[in-house]
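Subject: The structure we talked about

Hi,

Here is the structure I promised to pass on. Have a look at it, and then read my notes underneath.

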Amino acid sequence: MALLRSLSAQRTAISLVYGRNNSKSSSSVAVAACRSFHQRDRRSTTSTAEGAAPEATNGVNGARYMHTGDRPLQASTLVQPDLVSGEAVKRSIKQKSSQEKNPSPAGSPQRDPLDVTFNDPIAAFKSKTTGELMRAYLVYMICSSEKLVEHNMTLMKWSKNVLGQRLFTALMKATFYGHFVAGEDQVKIIPTLERLRSFGVKPILDYSVEEDITQEEAEKREVESSVSSAGDKKEEGSMPQYHVDKSFADRRYKVSSARTYFYLNEATCERNMEIFIKCLEAVSGATFGTGITAIKLTALGRPQLLLQLSEVIMRTRKYMEDMVGGQGNVLTHHKTIKDLEKYYSSLGDNKDVKEFLNNVTSDKEGILHLFPWSGIVDEDSQLSDTFRVPDPQTGQMRRLISQIPPKEEEMFRNMIRRLNTIVKAAADLDVRIMVDAEQTYFQPAISRITLEMMRKYNKEKAIVFNTYQCYLRETFREVNTDLEQAKRQNFYFGAKLVRGAYMDQERDRAKSLGYPDPVNPTFEATTDMYHKTLSECLRRIKLMKDCDDDARKIGIMVASHNEDTVRFAIQQMKEIGISPEDKVICFGQLLGMCDYITFPLGQAGYSAYKYIPYGPVEEVLPYLSRRAQENKGVLKKIKKEKRLLLSEIRRRLLRGQLFYKPKGNYVPI
């Protein structure tokens, strides 16, 4: 009875569904935008930021009101985000009854209106059985207990010892595993993927098996694999953040929302490659080419190589800044080969300088890279010989990377080979690859390699996506730089925007090692960075549409559990005339989290994804432990999800739908 009394508690408020903004830009504005398109994108990142600021400001305000037609409605007329709207429930029931009486014509996909307050329990949970709703409520109740979550890994291991393997597996499938994980292997996940698809949602597949190793073992592996056999030589100009520090060698420190790979040997990296390819095959077989697989570069090679490559990239930027002034990526300076020749003119007829200039990557708009990155990714270039620059004073060639032994050069080529193999398989299977972001001391190398994979494989569509963490101060500048490279080298640009997973660890490491904190100072600053970066991507997409260019050359995933950010993206799409059918913006959330966002989006015709982990029960315990920890940190979202769950369970009980069987007629966009 207590449960029923709790279930019967409802709150009422007004529900709002977006109307379409029918305003269109005049043809003269479109023509003017086309004429200035190339000029605007040649400006420095500072100018771009100034140009994007009004849009970002409007967007932030836009998160506080919605549009019906052309008239803004004030925030006071909206449903409070944490309340379950009685009117919304009644309207959804009527709508569902109407749909039952008048089903969609045979062969035509079903589409529902979108409640942008994300307060509709029917839309959120129509893909779930009542038993799954009860399981979800139980899981969220457990996640609300700080003590249980804090000791969750210990409790799981204790339960396994007491219950035995069979009963423990059954318990996990009835609770955490069943809620957060799709199944044990590529075959057993197919029913979950098919059901998601029938309700308009596509998968991002991840084999979530993680090693459960001690802190001591993690530190030992990381230190050994992050230092060259030639030693960790900190030469003049070296940067401390790109060298391993034992205090932070366990990269799981203060990280609950991202998995961590620790290098063991090359054979393990080969196995990881094979696992990623199996994920691609599973996605392709179950989703008809609309799915995505997530990968991490630290799973494919020795972390020392990513550290050294990242340091090279940042030292190259410093070299360019010292020589020509300004700051940022090399291409943002808009210098030409002739400009460099002037800087080196005092060196006379220097053979090494001429050879260096011959290898510089440039186009008619200026220099893109000081080094031939395409050769590094496509060919068997030697890293030690490639990353050398002329000293402007003496003309002598100096290394920006310490000497790499031949065996480690081979390890780098193996890492690139593995990545090439995975991306080629993705292209052949018509499945997309999302390269996850990692710590800032790896990220320059990860982004550089990923952009080169885009250049190589994203010639007809976006196969490879890079991930950008918006809690970082430099995210807007980095995205702008990469967008410009994609435009100038004529490849499709794919980006996943996230808030980020390593904030606390990054802050502590920067403070301890004495380098500038790379993280935005506040949550609000991170939100502004996310919205500003997204607005800039949308601005460029709109310019492409106005110029009759292929707008799909920029593809963005809004990977966020934040309602305001999702609403902001939807509003921006409507305001600038981007429809879901354009297939340039998609949304993503984790399986078992924020269903009240993902499923209404998919059912309304937006491109919506769930991040789908799978693997044997025993081997995904570390993943489940992280999910519990992550949910503990978002109690407000859990509170809303619990209320929506209770509302839908009560509705089914009252309507005699205890044994409701989900059956969708939706087709993902």
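Let's start with some aromatic rings: Tyr344, Phe356, Phe371, Trp373 and Phe387 are linked into a cluster by ring pairs. Before going on, keep in mind that this is a predicted model. The count of aromatic pairs comes to 12. One of them is formed by phenylalanine 248 and tyrosine 253, with ring centres 5.9 Å apart and planes at 70°, so this pair is edge-to-face. If you wonder why both numbers are given, a pair of aromatic rings is described by the distance of the centres and the angle of the planes. The two partners are not covered to an equal degree: phenylalanine 248 counts as buried because its relative accessibility is 10%, while tyrosine 253, with a relative accessible area of 35%, is partly exposed.

**The whole chain**

Now step back a little. The protein has 669 residues, and buried ones make up 58% of them. You will find 26 helices and 14 strands in the protein. Take the contacts between residues at least 6 apart in sequence: 80% of these join residues at least 24 apart. As for the outside, the accessible surface comes to about 28,600 Å², and carbon and sulfur atoms account for 52% of that.

**Inside**

Which residues touch the most other members of the largest nonpolar core? They are Phe587, Leu601 and Leu624, in a core of 169 residues. The element that gives the most to this core is helix α13 (residues 303–324), with 10 residues. A second, separate core has 7 residues, among them Val255, Tyr471, Ala501 and Val519.

Try clicking on leucine 601. Leaving aside residues up to four places away in sequence, leucine 601 touches Leu114, Phe118, Val566, Ile570, Phe587, Tyr606 and Ala608.

Another residue to click on is tyrosine 457, which sits in helix α19 (residues 443–457). Is tyrosine 457 buried or exposed? Its relative accessibility is 18%, and buried means under 20%, so tyrosine 457 counts as buried. Again leaving out residues up to four places away in sequence, tyrosine 457 touches Asn420, Val423, Lys424 and Ile463. Valine 423 is 34 residues from tyrosine 457 in sequence, yet their C-alpha atoms are 7.7 Å apart in space.

**On the surface**

There is also a nonpolar patch on the surface, formed by Trp158, Val162, Leu163, Leu167 and Leu171, with about 500 Å² of accessible area together. Leucine 163 belongs to helix α8 (residues 152–174). Because its relative accessibility is 35%, leucine 163 counts as partly exposed.

**Charged pairs**

Side chains of opposite charge can pair when their charged atoms come close. How many salt bridges are there? The count comes to 40, and here are three to look up:

- Glutamate 618 and lysine 160 form a salt bridge whose closest N and O atoms are 2.3 Å apart. This pair links distant parts of the chain, 458 residues apart: glutamate 618 is in the loop between β14 (607–614) and α25 (621–632), and lysine 160 is in helix α8. Glutamate 618 is partly exposed, at a relative accessible area of 33%, and lysine 160 counts as partly exposed at 25% relative accessibility.
- Lysine 254 and aspartate 508 meet through their side chains in a salt bridge, at 2.8 Å from N to O. Lysine 254 lies in the loop between α11 and α12 (266–287) and aspartate 508 in helix α21 (residues 503–513), so this pair ties together parts that are 254 residues apart in sequence. Lysine 254 counts as partly exposed, at 46% relative accessibility, and aspartate 508 counts as partly exposed, at 25%.
- Glutamate 211 forms a salt bridge with arginine 221, with the closest N and O atoms 2.8 Å apart. Glutamate 211 is in the loop between β3 (201–207) and α11 (215–226), while arginine 221 is in helix α11, 10 residues apart. Glutamate 211 counts as partly exposed because its relative accessibility is 45%, whereas arginine 221 counts as buried at 9%.

One last thing to find: Glu266, Glu270, Arg417 and Arg418 are linked in a network of salt bridges.

Have fun looking around!

Technical notes:
Residues numbered from 1 in each chain as written. Heavy atoms only, no water. Core = buried A, V, L, I, M, F, W, Y, C linked by side-chain atoms within 4.5 Å. Buried < 20%, exposed > 50% of the residue type's maximum accessible area, 1.4 Å probe, protein only. Helix = DSSP H or I, 4+ residues; strand = E, 2+ residues; numbered from the N terminus. Contact = heavy atoms within 4.5 Å. Patch = residues over 30% accessible without salt bridge, like charges linked within 9 Å, V, L, I, M, F, W, Y side chains within 5 Å. Areas by Shrake-Rupley, 256 points an atom, 1.4 Å probe, with all protein chains shown as cover. Salt bridge = Lys/Arg side-chain N within 4 Å of Asp/Glu carboxyl O. Phe/Tyr/Trp six-rings, centres within 6.5 Å; stacked < 30°, edge-to-face > 60°.
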